[in-house]
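Morning, everyone. Please bring up the model on your screens, and then we'll walk through it together.

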Amino acid sequence: MAYDFAGDTFDLDDDNDRAIVRFVLSQALYGEATGVYCGKSLYAARSLEAARFYVRQAHQELNHLQLFADIFKELGMQPEGGHWVIKLLSAHNNYYPLKVMMEHAMGEGMVLDIFREVLLQTLPDDDPRVPSIKKKLRAVCREEEEHVAWGEKETKRLLVEHPWLRTPYYGLLEWQLAVAPLVARAFTGKEHRVLRHLPGFIAYIRERMWEQGQRLGFVPPERPGALKRAWAMAWGAALFVRSQFARSTSKLEHVYLGELGFQPEGAS
Ligand SMILES: [Fe+2]
Ligand SMILES: [Fe+2]
């Protein structure tokens with residue numbers, strides 16, 4: 001069920017509206033630039049399937065970067081830098097279990113919320129520049145859906161292999177839910193027909209991510225009390241700190257024979 005902006009749109013000829021759209025698009029552009037670094041995960045890919053995914057994803061993210069640059073040019077806008085929250089949430093993580101859950105399943109899930117719900121609903125269809133922009137955005141959304149699906153598939157697999165990840169994963173979701181809405185502070189004090197939807201939209205994202213975490217199997221049916229939550233968040237923070245020291249190690253040269261359907265060396 002999508003969030004409904006009730007037909008409220010931006011006016012792309014109004015300076016105030018353009019400043020808001022420019023901010024949102026600039027975060028997208030920054031996120032796509034860092035998205036290209038998913039290519040780094042190719043080095044640590046544990047299977048041919050993972051290697052294929054990261055090659056395709058890097059290609060797609062590079063393409064998204066160019067598509068957003070084209071959108072800026074169509075609108076005659078100059079991008080600004082990334083917000084600190086976006087920089088934090090989009091930083092590359094070498095620790096695979098955190099990468100697939102935080103970056104692909106949750107992070108790109110939020111990216112999809114912004115592209116699909118905010119941009120596709122609030123850019124005005126009666127502006128002659130918008131149909132071509134929305135065509136690009138729809139193509140980007142289709143590919144982001146693939147990235148989220150990969151993150152969800154790998155998160156589920158990792159939870160089966162390492163059930164202890166459930167608690168830190170849940171704690172990290174609580175962190176993400178606490179930090180992500182801070183981007184909205186960029187709009188503090190601004191009155192606008194689209195911005196009045198912000199509290200409702202943030203609540204929608206929280207609910208959707210909560211439901212996603214339950215579906216993936218690391219969010220409890222009821223939100224735990226403050227103490228249990230703090231425990232999970234401490235675990236999540238500890239795993240995040242540990243992930244900052246993780247080294248990327250190559251895998252494919254150890255598994256390629258089996259992956260290609262040959263007998264692995266040493267096997268009889
Ligand atoms: Fe992307
Ligand atoms: Fe993506």
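One definition before we start. A residue counts as buried when its relative accessible area is under 20%. Keep in mind that this is a predicted model.

Take E108. Its relative accessibility is 9%, so E108 counts as buried. H147 has a relative accessible area of 0%, so H147 is buried too.

Now, what coordinates the iron ion (ligand 2)? The donors come from E61, E108, E144 and H147. The glutamates use OE atoms, and H147 uses ND1. The distances run from 1.9 to 2.2 Å.

Look at where these donors sit. Along the chain, their spacing is E-x46-E-x35-E-x2-H. E108 is in helix α4, residues 96-122, while H147 is in helix α5. Those two are 39 residues apart, so this pair links distant parts of the chain.

Next, the geometry. For four tetrahedral donors, the ideal angle at a metal is 109.5 degrees. Here, the angles among the four donor atoms of the iron ion (ligand 2) go from 92 to 155°. To count as tetrahedral, all angles must lie between 85 and 135 degrees. The site is irregular.

On to the other iron ion, ligand 1. E32, E61, H64 and E144 coordinate the iron ion (ligand 1). E32 appears twice in that donor list, each time through OE. H64 gives ND1, and the distances here are 1.9 to 2.7 Å. The sequence spacing of these donor residues is E-x28-E-x2-H-x79-E.

Which residue bridges the iron ion (ligand 1) and the iron ion (ligand 2)? E61 does, and the two ions lie 3.4 Å apart. E61 shares helix α2, residues 48-75, with H64. They are three residues apart, about one turn of the helix. Both E61 and H64 are buried.

Last topic: helix packing. Two packed helices are described by the angle between their axes and the distance between the axes. Our pair is α5, residues 130-161, and α7, residues 198-216. They pack at about 45°, with axes 10 Å apart. Therefore α5 and α7 are oblique to each other.

Who meets whom? From α5 we have V148, E152, T155, K156 and L159. They meet Q212, R215 and L216 in α7. By class, that contact has three nonpolar, two polar and three charged residues.

To recap: E61 bridges the two iron ions, and α5 packs obliquely against α7. Thanks, that's my slot.

Methods:
Residues are numbered from 1 along each chain as its sequence is written. Chains are lettered from A and ligands numbered from 1 in the order in which they are written. This is a predicted model: local features need pLDDT of at least 70, side-chain atom pairs count only at pLDDT 80 or more; totals for chains, interfaces and linings use all residues. Side-chain values use heavy atoms; hydrogens and water are left out. Axes are lines fitted to C-alpha atoms, for helices over the stretch in contact, and angles run from 0 to 180 degrees between N-to-C directions. Helices (H or I, at least four residues) and strands (E, at least two) are DSSP runs, numbered from the N terminus. Angles under 35 degrees count as roughly parallel, over 145 as roughly antiparallel, 65 to 115 as roughly perpendicular and the rest as oblique. Contact means heavy atoms within 4.5 Å. Ala, Val, Leu, Ile, Met, Phe, Trp, Tyr, Cys and Pro count as nonpolar, Asp, Glu, Lys and Arg as charged, and the others, Gly among them, as polar. Donors are N, O and S atoms within 2.8 Å of the metal (3.2 Å for Na, K and Ca); water is not among the atoms, so sites may look incomplete. Four donors count as tetrahedral if all angles lie between 85 and 135 degrees; four count as square planar and six as octahedral if opposite donors are over 155 degrees apart and all others between 65 and 115; anything else is irregular. Buried means under 20% relative accessible area, exposed over 50%, partly exposed in between (1.4 Å probe, protein chains only).
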